[in-house]
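Dear colleague,

Please find below the structure that I am handing over to you, together with its sequence. My findings follow after it.

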Amino acid sequence: ADKQPKIYNRGISGNKVFQLRERWEIDALSFMPDVLSILIGVNDYWHTLSGKYQGTVQIYENDLRNLLKYTKEKLPKLQLILCEPFALSGGSAINDGAWFPMFNEYRTSLKKLAGEFDAVFVPFQSAFDEAVKVAPATYWSADGVHPDLPGRQLMAEVLMKGTGLELSHCEK
């Protein structure tokens, strides 16, 4: 609060990386941010399960790499924060047999890109994995994908720790 940051949330439910790219100039780059956090990947996988999207982990990785490369070309001093996509076993939308282990590849891909682009990596999945040891998945997110208030609070704490207040939850 003492720094009074300007925060803009431009997330759109259901978007995949290619849709994010379509609106990137207006929704991200036009603000000329110093810091930019990105959380994307769940829909890139989830929508393949319903047959509404024919994406693959390689398409996700290539699309995201191209977006990050373009972003760093436009804003070379930008600090990127890449937030790990997550899914909670036990949520109503999560069928473990359909989600895992394939969804883990999307998470691995994002972490790899964080390294390539010297981005802060925020490990949401491991934070939720620890959290479900305290309370069931449905406490954090009824469907296992969209966090409820306790899940959003957990995410905020992990993100803040990873961006400078305390680095114990994040990896560079």
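How many bridges join strand 1 to strand 2? In this predicted model, the two strands are joined by five bridges and run parallel. One of the bridge partnerships is that of Val-35 with Gln-79 in strand 2.

These strands belong to an open sheet of three, with the order 1-2-3 and parallel pairing. Strand 1 and strand 3 (120-122) are the edge strands, each pairing on one side only. From one strand to the next, the twist averages 20 degrees. Helix 6 (residues 102-116) lies across strand 2 and strand 3, and runs at about 165 degrees to strand 2.

The largest pocket has a volume of about 2000 Å³. It is lined by 50 residues, of which Ile-7, Tyr-8, Ser-37, Ile-38 and Leu-159 are the closest to its centre. Two or more lining residues come from each of helix 2 (24-27), strand 1 (35-39), helix 3 (42-49), strand 2 (79-83) and helix 9 (149-165). Helix 9 gives the largest share, eight residues. By character, the lining divides into 29 nonpolar, 13 polar and eight charged residues.

I would also draw your attention to Phe-128, which is placed in helix 7 (residues 124-131). Phe-128 counts as buried because its relative accessibility is 1%, where the cut-off is under 20%. Apart from neighbours within four places in sequence, Phe-128 is in contact with Phe-86, Leu-88, Trp-140, Gly-151, Leu-154 and Met-155. Gly-151 is 23 residues away from Phe-128 along the chain, and their C-alpha atoms are separated by 8.0 Å.

With kind regards

Terms used: Residues numbered from 1 in each chain as written. Predicted model: local features only at pLDDT ≥ 70, side-chain atom pairs only at ≥ 80, totals over all residues. Heavy atoms only, no water. 1 Å grid on protein atoms, 1.4 Å probe; cavity = no way out; pocket = protein on both sides within 12 Å on 5 of 7 lines; lining within 4 Å. Points joined across faces, edges and corners; volume = space filled by probe spheres on them. Helix = DSSP H or I, 4+ residues; strand = E, 2+ residues; numbered from the N terminus. Nonpolar A, V, L, I, M, F, W, Y, C, P; charged D, E, K, R; others polar. Buried < 20%, exposed > 50% of the residue type's maximum accessible area, 1.4 Å probe, protein only. Contact = heavy atoms within 4.5 Å. Pairing = 2+ DSSP bridges. Axes fitted to C-alpha atoms, helices over the stretch in contact; angles between N-to-C directions.
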